[in-house]
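Trainee: Could you walk me through this one slowly, and explain the terms as we go?
Mentor: Gladly; have a look first, and then ask whatever comes to mind.

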Amino acid sequence: MSHYLQNGILELTDLTIPSTERRKKGRVIIIECVQHIPCDPCANICPKGAITIEGEITNIPQVDFDKCNGCGLCLANCPGLAIFSVDESLPNNEAEVGIPYEFRPLPEVGEVVDVINRSGQIIGNGKVLKVRNPKSYDRTPVIYLSVPQELSLEVRFLKRKET
Amino acid sequence: MRIVNHPILDFPPQKEIHFTFDGKQITAYEGDTIASALHAAGIRVLSHSQRLHHARGFFCAIGKCSSCIMEVDGVPNVKTCLVPVKEGMIVQSQTGWGKLPDHYCQTDHQRKEFPIKQTDVAIVGAGPAGLSAAIYAARQGAKVLVMDENHLIGGQLIKQTHMFFGSKEHYARTRGIDIGKKLVEQCQGHDVEILTNCSVIGYFHPQQLAAIKDDHLFQVDAKKVIIATGASENMLTFVGNDLPGVYGAGAIQTLMNVYGVIPAKRVLMVGAGNIGVIVSYQLLQAGVEVAAVVEALPTISAYQVHASKLVRCGVPILTSHTIQRAYGNNRVEGATIVQLDEKWQEISGNERDVEVDTICLSVGLNPASEILSQAGCRMIYIPELGGHVAWHDENMETTVKGIYVAGDVAGIEEASSAMLEGRMAGIAAAESLKGSSDEIQGLKKEVRKGLKSLREGPFGEKTRIGEKKMQEASL
């Protein structure tokens, strides 16, 4: 049972996770927003109509994982920085994780960083695959990391290694 | 100490300005207030208490707490958090109550008449509520005068670097700093005058205000008055809470996000509501370490998404914990925190010291409703709305006809609802001046719908209870 109200940490059981089969097909999002808050930019920004908020604006966003193509727009547009992407189609038992990252300096492509779980603990190393920071993301860049596949549902933050 | 590289904000090099503080030369940047420049120079002791002469820092940074008053160019009791620095200024710590220089007493004091400014709608406060009111009243053809005691326009929006929630029509996904700019833009092209550094000091019936700008008193004759004065941050009782280094969370946010000052080295945040966790996250963005967030309640009241994004950065949120004391010699050197049991009692033996140089309090806000009280509006104490609020009807009009309220002063809520309340007050004020129309009825309906949707769900419950209490009080 999750204790996020006590400590702010979500468990996988709180979330709707796309199936392993879907994750193996390519990039797909996971929304980590579990409360009835008045907010809907994710549903408005999705070009595929994959995210819906039925009825009241305080309802929880639902994702059609088959419609989602993992474009990443919602990651940069979620005011709560609560949307991530995973892609388990990578070779060598690796996975890609997309993380909104509002800190400076930004990591560079190829850089090895500490990867961090929902509790703030370092759980391994990741390599920066891509840094997407177009003007339309309005200062919320998205960092794509490659991580060991078994960590794809755990890695939710990164820290640059101290030099 | 200044912020150099920030993920959201740019702090380009500014022109240097020099002034003296207690005889010592201080280098400030253009745009600084006296207090922000002193903080950038590492000076946190801004005054001393009158009786026990305890060192005091400021608590609010927005002109409400009066802990930063000093003598500036010979004039005492100047709120240094509001006054921009000027080249050659002489700033001195103040002892005692201060004495006005002679030339002061010979001007305004001996005058019987004052300059008069006439307007249709006078608005006190240029934050999200006041500016929205101005836009919507002006769009209906009203002449509008907005007054704000700060030197920057936008109220607390100017320090909100995070993206707003809500829907498109509530500026969702837009950062507060940018919403402020958009509101100011929307005032342009209409008959809206905004006076900054202008304090409204009294209401006189009917619809007259006394205000001070640039040390001169003037009178405002309005047809309608909208009060959108916002709120001030609550203090918390604990040993050492007056040490310099104990700040309101909003004060720290002002220092770092408005003035680009690195406000602390290591912070303890008290209170895990939205403000507490958002400001903690923004401290990390400014390169400041946050030791922990303590929250006396057994659960986090902030949105889970805000809490989660802070916790994954490595900042623990300790629920059922409170601050017992702050310690240090004339400055915060640490805090003792303690766990609480289910009856809110401190569990002895569970105290621990946290080494920090700054303690931020984010334990709620209190409506800045003094002028409404002074004007004779019927005031009601509604804890769910943050304290004493003026009774208002669906049009945001108080029991004194012609005085409207909007924003946090009408009940503590988010900036999104403040903007909607501002729109309502602005539209309703214009309606009572110019008569109603289908357009006005349509706009009012839209605003009501927007407010209702923002107040849906568990997070709107407090406001719904508060609003219900207000409606019942009208019977």
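**A pocket, a helix and some cysteines**

Mentor: Let me begin with the second largest pocket, which has a volume of about 680 Å³. On a 1 Å grid over the protein atoms alone, a pocket is an open set of points where a 1.4 Å probe fits, with protein on both sides within 12 Å along at least five of seven lines, and lining residues have an atom within 4 Å of a point. Grid points are joined across faces, edges and corners, and the volume is the space filled by probe spheres set on the points.

Trainee: Which residues are closest to its centre?
Mentor: Of the 23 lining residues, the closest to the centre are Y101(A), F103(A), R104(A), K159(A) and L284(B). The largest share of the lining, 3 residues, comes from β9(A).

Trainee: Hang on, is this model predicted or not, and how are things numbered?
Mentor: This is a predicted model, in which local features need pLDDT of at least 70 and side-chain atom pairs count only at pLDDT 80 or more, while totals for chains, interfaces and linings use all residues. Residues are numbered from 1 along each chain as its sequence is written, chains are lettered from A and ligands numbered from 1 in the order in which they are written, and side-chain values use heavy atoms, with hydrogens and water left out. The mean pLDDT (the predictor's confidence in each residue, from 0 to 100) of chain B is 95.

Trainee: Is α6(B) mostly covered or mostly open?
Mentor: It is mostly covered, since 11 of the 12 residues of α6(B) are buried, and buried means under 20% relative accessible area with a 1.4 Å probe, protein chains only. L284(B) is one of those buried residues. What covers them includes α5, β16, β17, α7 and β18 of chain B, where contact means heavy atoms within 4.5 Å. Helices here are DSSP runs of H or I with at least four residues, and strands are runs of E with at least two, numbered from the N terminus.

Trainee: New topic: how many disulfides are there?
Mentor: The structure holds 0 disulfides over all chains, a disulfide being a pair of cysteine sulfur atoms within 2.5 Å.

Trainee: Why is C68(B) not bonded to C81(B)?
Mentor: Because the sulfur of C68(B) is 3.8 Å from that of C81(B), its closest cysteine sulfur, which is too far for a bond. C198(B) is in no disulfide either, and the nearest cysteine sulfur, in C187(B), is 16 Å away.

Conventions:
Buried means under 20% relative accessible area, exposed over 50%, partly exposed in between (1.4 Å probe, protein chains only).
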